[in-house]
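Work through the exercises below with the sequence and the 3D structure open. Try each task before reading its solution.

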Amino acid sequence: MRSLLFNVVLVIPGICAAQTVPQTAAASGYMDRYRELLSLVPVPGRVADVNHLVLTRDVGQLTLEHGQLYFLSPVGGRTVGVAFRGSGSFAFAPPVPAEQVELQRFAGNPTLSDSFTEVILLFADSTPHELQALASIRGDAPPDLAGQVRDLVESLRGDNEGAYNDRTIGPLLNGDTTGFFLARIERTHGGAVLFEIDPSASEAVQLYRPVNKARWGENWAVVTEFPPQKPGPGSGAWWYRKRLTVPSYRIDVRLTPTGSADLDFAASATLSLKAEEPLGPWLLFSLHHKLLVDSARWAGGDAAAVFKAKDNDDLWVRAPHRLATGDSLTLTVYYHGDLIDRFLNWFYIDPTAAWYPINGQGVNFATFDLTFHSPNWYPLASVGDRVDSSETPKVMTTHWVTRLPTSYATFNLGLFDNYHVQQADAPPLDVLLSEDAHRELRRQLALQGAMIPEQSHMKENVA
């Protein structure tokens, strides 16, 4: 190991100390910040010798005993990462018995106490401020360290240009200090692990192991995750905190037959937005990976900057400014795509698909005003009450409105049999069923090796 020039002890007691660090400039364009992140490398000459540097994050503790710390290139004008080479130790002790069992399966012990030779940190918290206590020395990073940094950065990106882990890139887009902290730890025995603090999640303390991406579709898999033991004002899941709410949606959908008898999907969704606490200007929504965004506009007609990577669910929209508590905006998104699969005269829409922009900063609980323009030979059913309908020789237009807020809205269409039920002291009920579609689904699944038995009296059982 290299000789040590000074001693320092740095203890960061909680996961949310970063809330006191001022915000820096938000990105004007998504891809600018994305490219900066992918280009992270050690900065020539920015090196510090350390001795017993302690970083504590909730129940995880990194101790950098002897070695050198290398600062990585800035993103958005601020330091967001460092790398360490030398000797150190990582202690991690889940407080939840069930999570201790999961760690036992992975590591053979309900707690971790491992030595390491390298750690790479990414953060959006108070770490840069705390590292100011370190004295710089002359020197450069080892030639192979840039490759190690690149491996970590690449392991968090998606398959297509621009797709990136939203927990990591979100604070960097907004120049925000959320308390986010990530450490890739190269253990002396047992290989690499990823230790993360994500204050946007209810189970904010997370430990990951590397996996075979070709098999699982991800670079990292969760070993254990649990709520923070020392929560602060910035912790708690967004769907509990309500950083942003979407009180209402107005959606207009066009379902147009194609030459192959499928249906093209195109829609415009108008969202009312309300900030429940300061956030942005970059806002995150979810939109099905098959859907493509054509454009987006604010209520006054100004174009909204948006980004959605190919085959990715994350939709980023830049508000005109950082939102203060109580600010309201109206956003309209125009989009289209291959959303609907057909089985004979029945159309299948993935019930988990985000077919309209779903809020990524809080609970999705809204009223819906939905208009569908669909082939008039296929009945359509949607959430809410059908308040109006009209018909041309080829198109049926139906208008549906929910009377109360709901967490999700959906629709379906096809040739159905209508089974009507009216029981005493109960509202009337209509069950729409396509026997042909169920038979075709069973046939398709059987071709894939899955046997689904045919059910008798299905409509009665459903009712």
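The model is predicted.

**Exercise 1.** Decide whether arginine 57 is buried or exposed, and find its salt-bridge partner.

*Solution.*
Step 1. The relative accessible area of arginine 57 is 1%. Buried means under 20%, so arginine 57 is buried.
Step 2. Its side chain meets that of aspartate 125 in a salt bridge, with 2.6 Å from N to O.
Step 3. Arginine 57 belongs to strand β1 (residues 42-57), while aspartate 125 sits in the loop between β4 and α3 (127-130). The two are 68 residues apart, so the pair links distant parts of the chain.
Step 4. Aspartate 125 has 4% relative accessibility and therefore also counts as buried.

**Exercise 2.** Find which strands are tied together by the salt bridge between glutamate 118 and arginine 85.

*Solution.*
Step 1. The two side chains meet at 2.5 Å, N to O.
Step 2. Glutamate 118 lies in strand β4 and arginine 85 in strand β3 (residues 81-92), so the bridge ties together parts 33 residues apart in sequence.
Step 3. Glutamate 118 and arginine 85 are both buried.

**Exercise 3.** Classify aspartate 114 by its accessibility and describe its surroundings.

*Solution.*
Step 1. Aspartate 114 is part of strand β4 (residues 112-124).
Step 2. Its relative accessibility is 19%. The cut-off for buried is under 20%, so aspartate 114 counts as buried.
Step 3. Leaving out residues up to four places away in sequence, aspartate 114 touches Gly88, Ser89, Phe90 and Arg187.
Step 4. With arginine 187 there is a side-chain polar contact of 2.7 Å.

**Exercise 4.** Explain why β12 and β21 each have one side without a neighbour in the sheet.

*Solution.*
Step 1. The open sheet has 7 strands, ordered β12-β15-β10-β9-β19-β22-β21, with mixed pairing.
Step 2. β12 (291-298) and β21 (385-391) stand at the edges and have a single partner strand each, so one side of each lacks a neighbour in the sheet.
Step 3. β21 pairs with strand β22 (residues 395-401) in the antiparallel sense, over 6 bridges.
Step 4. In this pairing, serine 389 stands opposite threonine 398 in β22.

**Exercise 5.** Check the length of helix α8 (residues 435-447) against the expected span.

*Solution.*
Step 1. The helix has 13 residues, and the expected span is 1.5 Å times one less than the number of residues.
Step 2. This gives 18 Å; the end C-alpha atoms are 19 Å apart, which agrees.
Step 3. The buried residues of α8 are Ala437, Glu440 and Arg442. They pack against β16 (341-343) and β17 (346-348).

Conventions. Residues are numbered from 1 along each chain as its sequence is written. This is a predicted model: local features need pLDDT of at least 70, side-chain atom pairs count only at pLDDT 80 or more; totals for chains, interfaces and linings use all residues. Side-chain values use heavy atoms; hydrogens and water are left out. Helices (H or I, at least four residues) and strands (E, at least two) are DSSP runs, numbered from the N terminus. Buried means under 20% relative accessible area, exposed over 50%, partly exposed in between (1.4 Å probe, protein chains only). A polar contact is a pair of N or O atoms within 3.5 Å; within protein, one must be able to donate a hydrogen and the other to accept it, and residues adjacent in sequence count only if both atoms are side-chain atoms. Contact means heavy atoms within 4.5 Å. Two strands pair if DSSP finds at least two bridges between them. A salt bridge is a side-chain nitrogen of Lys or Arg within 4 Å of a carboxyl oxygen of Asp or Glu.
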